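Here is a friendly walk through one protein chain, from its overall layout down to a few single residues. Keep the viewer open and follow along.

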Amino acid sequence: MRAPSSPALLATEVREAARERGALLIMADFDGTLAPIANTPSEARLAPPARKVLARLATAPGVGLAVISGRDLPDIKTRMDLPDIIHAGCHGLVIEGPGMGFTHLQAAECRQILKGLATDLIEKLSGLRGVEVEPKEFGVAVHYRRAYPSDLAEVFFQVEEAREAHAPHLTTRPGKKVLELVPNVPWNKGECALWIRDRWARTQSLDPAVVYLGDDETDESAFQALRGKALTVRVGSGHRGSRAARWVTDVSAVHRFLAALAPPEGAEGEGREAPRATTGEPPRGPAVESA
Ligand SMILES: [Mg+2]
């Protein structure tokens with residue numbers, strides 16, 4: 001396995017690419033990438049120093065910042081607490097940012113089914129200690145990080161039965177100690193990342209260098225889609241078999257990378273270290289699109 005990338009060297013490489021292009025778009029997952037994985041999803045927090053670094057990046061001229069998460073959109077917005085950045089929720093099924101908006105219509109049609117399923121699964125699995133059923137806008141997540149190993153077969157059986165009952169509308173998506181029922185639509189973090197890149201480039205009239213950071217199976221679709229179009233970075237020691245071009249060891253390496261990339265403190269908006277926009281157009285008003 002190749003050695004992990006040094007956050008400082010990675011930042012130098014990205015800064016060079018951004019300088020050449022005159023712009024930089026950073027896209028990152030949240031859990032396990034910007035914030036450490038917590039015991040329960042509700043406990044995951046972005047560390048205040050990391051938020052400050054992200055705020056400096058987000059306000060630097062010619063720099064765009066997008067967070068693409070499996071969480072619901074309002075949830076990820078609250079956790080980031082950074083206005084004016086691009087947020088994508090539910091693995092990219094819904095996107096909101098300055099001058100852009102997107103909802104996957106076919107996925108939206110599954111919302112009623114998912115609501116009913118969440119109620120069913122809560123009833124069926126609530127007796128199992130450590131199992132948490134999380135109703136989401138575009139999915140139902142079953143978290144089993146704290147479950148007894150002897151209960152896992154029952155968890156998988158119930159989720160599979162729910163999926164079968166609603167085939168072909170739903171599919172299952174495995175993550176880190178979570179199994180999620182989601183709309184069976186041809187849209188993932190990869191499609192979402194390409195959509196954001198194209199939309200951001202168009203609204204800003206810029207052709208940015210792109211970085212994508214992620215730690216999970218669901219980020220592999222973005223590593224694949226962005227091949228040759230972005231510097232892709234897998235977070236965590238499980239890099240083997242990843243489609244990402246590089247890897248860094250953990251969330252703190254991600255923070256060091258972002259800190260090395262950000263303009264120095266007190267230089268917000270001056271763009272001393274940040275690439276400058278060569279041309280610029282004011283962002284347009286929000287538009288809602290369907291896939
Ligand atoms: Mg993650």
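## Two domains and what joins them

In this predicted model, the protein chain is divided into domain 1 (7-104 + 187-261) and domain 2 (108-183). Their C-alpha centres lie 27 Å apart. Each side brings its share to the contact: 14 residues from domain 1 and 14 residues from domain 2. On the domain 1 side that touches domain 2, the residues divide into 4 nonpolar, 7 polar and 3 charged.

## The mixed sheet

Start with the sheet of 8 strands. It is open, has mixed pairing, and follows the order β5-β4-β3-β2-β1-β10-β11-β12. Strands β5 (100-103) and β12 stand at its edges with a single partner strand each, so one side of each is left without a neighbour in the sheet. On average, and ignoring direction, neighbouring strands here are turned by 15° against each other.

Within this sheet, strand β1 (residues 24-28) and strand β10 (residues 209-214) run parallel and are joined by 5 bridges. To find the pairing in the viewer, look for L25, which stands opposite V210 in β10. Helix α7 (residues 189-204) packs on the sheet, where α7 touches β1, β2 (63-68), β3 (86-89), β4 (94-97), β5 and β10. Another helix, α9, lies across β10, β11 (231-235) and β12.

## The antiparallel sheet

Now move to the sheet of 4 strands. This one is also open, with antiparallel pairing in the order β6-β7-β9-β8. Its edge strands are β6 (132-136) and β8 (170-175), each of which pairs on one side only. Neighbouring strands of this sheet are turned by 20° against each other on average, direction ignored.

A hairpin links β6 to β7 through 2 residues, and 5 bridges join these two antiparallel strands. Strand β7 (residues 139-143) also pairs with strand β9 (residues 178-183), in the antiparallel sense over 4 bridges. V140 is a handy landmark for both pairings: V140 is the bridge partner of P135, and V140 stands opposite L181 in β9.

Two helices lie across this sheet. Helix α5 (residues 111-125) crosses β6, β7, β8 and β9, while helix α6 (residues 152-165) crosses β7, β8 and β9.

The table collects the directions of the helices on both sheets.

| Helix | Reference strand | Angle |
|---|---|---|
| α5 | β7 | about 20° |
| α6 | β9 | about 5° |
| α7 | β2 | about 155° |
| α9 | β12 | about 110° |

## The nonpolar core

Which residues touch the most other members of the largest nonpolar core? Of its 85 residues, they are M27, L57, V142 and Y212. The largest share of this core, 7 residues, comes from helix α9 (residues 251-261). Both domain 1 (7-104 + 187-261) and domain 2 (108-183) give residues to this core, so it lies between them. As background, nonpolar side chains tend to be buried together in soluble globular proteins.

Take Y212 as an example. Leaving aside neighbours within four places in sequence, Y212 is in contact with M27, A193, A222, F223, L226, A230, T232 and V233.

## A closer look at V248

Is V248 buried or exposed? V248 counts as buried because 25 C-beta neighbours lie inside 10 Å, and the cut-off for buried is 20 or more. This residue is found in strand β12 (residues 246-248). Not counting residues up to four places away in sequence, V248 touches P4, S5, P7, V233, V235, A253, V254 and F257. The C-alpha atoms of V248 and R234 are separated by 6.4 Å, although the two residues are 14 residues apart along the chain.

## Backbone points to check

Most residues other than glycine have a negative phi, and most peptide bonds are trans. Three places in this chain deserve a look with that in mind.

The peptide bond from A167 to P168 is cis, with omega near 5°. P168 is found in the loop between α6 and β8.

K177 has a phi near 55°, a positive value in a residue other than glycine. K177 lies in the loop between β8 and β9, and is exposed, with 12 other C-beta atoms within 10 Å.

S205 also has a positive phi, near 55°. S205 sits in the loop between α7 and β10, and counts as exposed with 12 C-beta neighbours inside 10 Å.

Methods
Residues numbered from 1 in each chain as written. Predicted model: local features only at pLDDT ≥ 70, side-chain atom pairs only at ≥ 80, totals over all residues. Pairing = 2+ DSSP bridges. Axes fitted to C-alpha atoms, helices over the stretch in contact; angles between N-to-C directions. Contact = placed C-beta atoms within 7 Å. Core = buried A, V, L, I, M, F, W, Y, C linked by C-beta atoms within 7 Å. Domains from an automatic or database assignment. Nonpolar A, V, L, I, M, F, W, Y, C, P; charged D, E, K, R; others polar.
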